[in-house]
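Reader: Hi! I have a new structure open and I'm not sure how to read it. Could you walk me through it?

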Amino acid sequence: MLCALDKKNSKELSSRLLEYAILLTEHIHKEDEVLFPWLDSQLTEEEKTELTIRFAKSDKKLALDDQKYQHFIEEIEQQIQ
C-alpha cells in the first residue's frame, strides 16, 4: 500500500486495500466461527463477565477519535490524486 501511495498509483492502492479487506474479513470470520465459540466453551460465566468488564475499560482508555481517522483517509486520498 505504501509503495502504491509513493507511486501515486490509485489502481494498485485500490487492489491492495481490497486484498487487505478480504484478509480482515477472513480473519474476523475465523474468530467468530472458531475462536470465540471455543472460548465460550472453555470459560466460566465469571471469567466471561470479567473479560467483558476489562474490554470495556480498555475501550474507554483508547477513546478513539473518529475525526483523526477521517483526516488520515482524506490525506491519503489527496496523495493519490
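Reader: How many of the residues count as buried?
Author: Of the 81 residues in the protein chain, 5% count as buried. Keep in mind that this is a predicted model.

Reader: Okay! And what is the radius of gyration of the chain?
Author: The protein chain has a radius of gyration of 19 Å, while a compact globule of 81 residues would have one near 12 Å. Along its principal axes, the C-alpha trace spans about 50 × 25 × 15 Å.

Reader: What about the surface, how much accessible area is there?
Author: The accessible surface comes to about 7,500 Å², and 58% of that belongs to carbon and sulfur atoms.

Reader: Switching topic: which secondary structure does the chain have?
Author: The protein chain has 4 helices and 0 strands. Read from the N terminus, the order is α-α-α-α.

Reader: Which helix has the highest mean pLDDT, and which the lowest?
Author: Helix 2 has the highest mean pLDDT, at 94, and helix 4 (residues 66-80) has the lowest, at 83. The chain as a whole averages 90, with 100% of the residues scoring at least 70.

Reader: Nice. Now charges: how many positive and negative side chains are there?
Author: There are 11 positive and 18 negative side chains, and the centres of the two sets lie 5 Å apart. Side chains of opposite charge can pair when their charged atoms come close.

Reader: How many salt bridges does a search of the whole structure find?
Author: The search finds 4 salt bridges. One of them joins K48 and E45, with the closest N and O atoms 3.3 Å apart. Both residues lie in helix 3 (residues 45-62), 3 residues apart, about one turn of the helix.

Reader: Is E45 exposed or buried?
Author: E45 counts as exposed because its relative accessibility is 55%, and the cut-off for exposed is over 50%.

Reader: And which residues do salt bridges join into one network?
Author: K7, E12, R16 and E19 are joined into one network by salt bridges that share partners. Within that network, the side chains of K7 and E12 meet at 3.4 Å, N to O. R16 also pairs with E19, their closest N and O atoms being 3.0 Å apart.

Reader: Where do R16 and E19 sit in helix 2?
Author: They are 3 residues apart in helix 2 (residues 10-42), so about one helical turn separates them.

Reader: Last one: how exposed are the residues in that network?
Author: K7 counts as exposed at 54% relative accessibility. R16 is partly exposed at 33%, and E19 is partly exposed at 42%.

Definitions and conventions. Residues are numbered from 1 along each chain as its sequence is written. This is a predicted model: local features need pLDDT of at least 70, side-chain atom pairs count only at pLDDT 80 or more; totals for chains, interfaces and linings use all residues. Side-chain values use heavy atoms; hydrogens and water are left out. Buried means under 20% relative accessible area, exposed over 50%, partly exposed in between (1.4 Å probe, protein chains only). Helices (H or I, at least four residues) and strands (E, at least two) are DSSP runs, numbered from the N terminus. pLDDT is the predictor's confidence in each residue, from 0 to 100. The radius of gyration is taken over C-alpha atoms; the globule rule is 2.2 Å times the number of residues to the power 0.38. Accessible areas come from the Shrake-Rupley method with a 1.4 Å probe; for residues, only the protein chains shown count as cover. Lys and Arg count as positive and Asp and Glu as negative; His and the chain ends are not counted. The place of a charge is taken as NZ of Lys, CZ of Arg, CG of Asp or CD of Glu.
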